[in-house]
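User: Hey, can you walk me through a structure? I'd like to go over a few details with you.

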Amino acid sequence: RSIQQWCFSALEAAPLDSATAKVPDVAERLTAEAQQVAEELCNAWSQSSCGVLLVVSNLVALTRLLGVGSLLRIFGFVTIANRMAVMVTPKIALMREAAAESEAELSQELQRASNFSEEVMLWKGTNEECHRSRMALARLAVRTYVLHTSQFVYDFVNTTLVRQCGTVYAVIATMPLMDRDSPVKDMTVVLHLLINAIRGIFDTFSCFKHLAEAHGLMQRLDEAVAALQEPRLDRGAPTEALTMAAASIALPEYAGGKVIVSGLDMKVAPGQRCLVRGPNGSGKTSFLRVCANLWKTSQGSCQLPPDAACFFLPQRPYVLESASVRTNLEYGYPVPDGVLDRILRTVGLQMPLTRVCTGLSGGEQQRLCLGRLLVRLQGRAQGSQAFIFLDEPTASADPGFASDLYRALDATAPGAAVVTVAHSEDVLPFHDQELLFAGPETAPVMKAIRK
């Protein structure tokens with residue numbers, strides 16, 4: 001309850017983007033993970049303490065009945081039987097390998113989304129990625145469950161039973177040391193004590209699994225708490241344009257916190273187009289991250305109109321290769337096929353909507369992402385002012401892509417403000433002002449472009 005109350009207070013002080021998280025969802029998730037940490041720690045403590053007590057009590061009783069030498073021989077028989085089971089059941093190793101491959105396949109799917117996390121945020125595709133991840137998780141979880149179940153059956157039949165048989169043989173081998181007046185009773189007692197001792201050993205060592213689970217959950221909680229405590233970008237007072245005043249941009253603390261842009265003053269009003277240029281490492285992409293609210297300014301302010309609808313075309317084309325053209329164009333925003341066909345013609349692609357996007361060239365991927373941008377622009381709220389941010393839009397495209405790009409933006413979102421980051425001068429004729437970055441020691445300069 002304390003964690004949940006803290007989550008609500010922290011989120012109210014630093015609200016997250018409503019498209020990516022909601023206050024109750026975050027609070028409930030963190031509360032559930034904190035409760036799971038407590039459960040894992042309790043399970044680890046109970047299993048370790050009970051396991052130790054079980055092992056000690058049963059070993060003491062066995063020592064009194066059999067003596068140290070006989071007890072060591074019994075455990076030797078059990079160990080040999082266990083090793084024989086491993087040798088005669090190679091299928092167990094194959095099943096484990098198949099399970100590991102299945103888990104690796106799931107990790108690869110999640111890693112793909114992680115590697116393109118910035119593009120996913122810019123495309124506002126969180127819901128679509130969550131849906132795809134849930135579907136992949138469901139498919140792979142079934143396969144992993146079947147594999148682990150088969151592995152358990154093989155382990156039980158070929159290892160556990162053989163180990164118990166070895167225990168019986170060990171007890172029979174120690175029969176001369178027992179009371180000959182009641183051998184069956186003594187054998188039953190020894191077998192019961194021996195099984196309990198082995199079970200206690202396994203319980204004791206299984207506590208490390210719960211401790212590892214608790215450690216991973218606590219790391220996730222620490223990361224979530226750090227993210228909630230980090231101040232969000234201050235957008236400042238309402239404005240009618242994209243405005244930055246005395247803004248400085250620094251790398252995140254984990255990357256050194258170095259200031260890469262300082263003294264940034266600029267303004268882009270609706271209908272204007274600004275070209276951002278500068279050498280590599282001068283802060284152009286970081287400038288876009290601040291505009292996207294992925295980063296914050298270390299000093300100064302960044303302001304956008306309250307009704308602004310921001311759209312981004314990242315530098316890296318993000319295409320789901322296993323999905324169809326329709327899925328890539330919609331990306332969580334369903335639209336009629338007729339609209340998608342028209343958009344494909346607008347961006348210069350001639351391919352069916354059902355085609356799988358495997359093997360597309362870099363230029364085709366870039367045009368497909370432009371089509372996705374046009375889908376988002378057409379679906380924006382009525383009355384909202386569009387601000388379009390393009391990061392190296394012609395880097396991997398053919399020479400005619402620039403004219404197609406800005407012609408499509410004119411037709412789809414007339415009057416939109418456009419900010420383009422580019423090295424190439426082929427996009428210069430499509431802009432009316434230029435923002436030049438020179439490095440952290442020199443403030444960026446804004447100037448008009450003469451036609």
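Analyst: Sure, one definition to start: helices (H or I, at least four residues) and strands (E, at least two) are DSSP runs, numbered from the N terminus. This is a predicted model, where local features need pLDDT of at least 70, side-chain atom pairs count only at pLDDT 80 or more, and totals for chains, interfaces and linings use all residues. Residues are numbered from 1 along each chain as its sequence is written, and side-chain values use heavy atoms, with hydrogens and water left out.

User: Okay, how far apart are Asp404 and Arg407 in helix 12?

Analyst: Three residues, so about one helical turn separates Asp404 from Arg407. They form a salt bridge, with the closest N and O atoms 3.0 Å apart. Salt bridge here means a side-chain nitrogen of Lys or Arg within 4 Å of a carboxyl oxygen of Asp or Glu.

User: Which residues end up in one network with them?

Analyst: Arg367, Asp404 and Arg407 are joined into one network by salt bridges that share partners. The closest N and O atoms of Asp404 and Arg367 are 3.2 Å apart. Asp404 is in helix 12 and Arg367 in helix 11 (residues 362–378), so that pair ties together parts 37 residues apart in sequence.

User: What does Asp410 pair with?

Analyst: Asp410 has a salt bridge to Arg273, and their closest N and O atoms are 2.2 Å apart. Since Asp410 sits in helix 12 and Arg273 in strand 3 (residues 273–277), the pair ties together parts that are 137 residues apart in sequence.

User: Is Arg273 buried or exposed?

Analyst: Buried, with a relative accessible area of 12%. Asp410 is partly exposed, at 42%. For the cut-offs, buried is under 20% relative accessible area, exposed is over 50%, and partly exposed is in between (1.4 Å probe, protein chains only).

User: Switching to strands: how many residues of strand 6 are buried?

Analyst: Six of its seven, so strand 6 is mostly covered. Strand 6 pairs in the parallel sense with strand 5 (residues 308–313) over six bridges, and with strand 7 (residues 417–421), also parallel, over five bridges. Two strands count as paired if DSSP finds at least two bridges between them.

User: What about the loop after that, where does Glu392 lie?

Analyst: Glu392 lies in the loop between strand 6 (385–391) and helix 12 (401–412). Its phi is near 45 degrees, a positive value in a residue other than glycine. Most residues other than glycine have a negative phi. Glu392 counts as buried because its relative accessibility is 9%.
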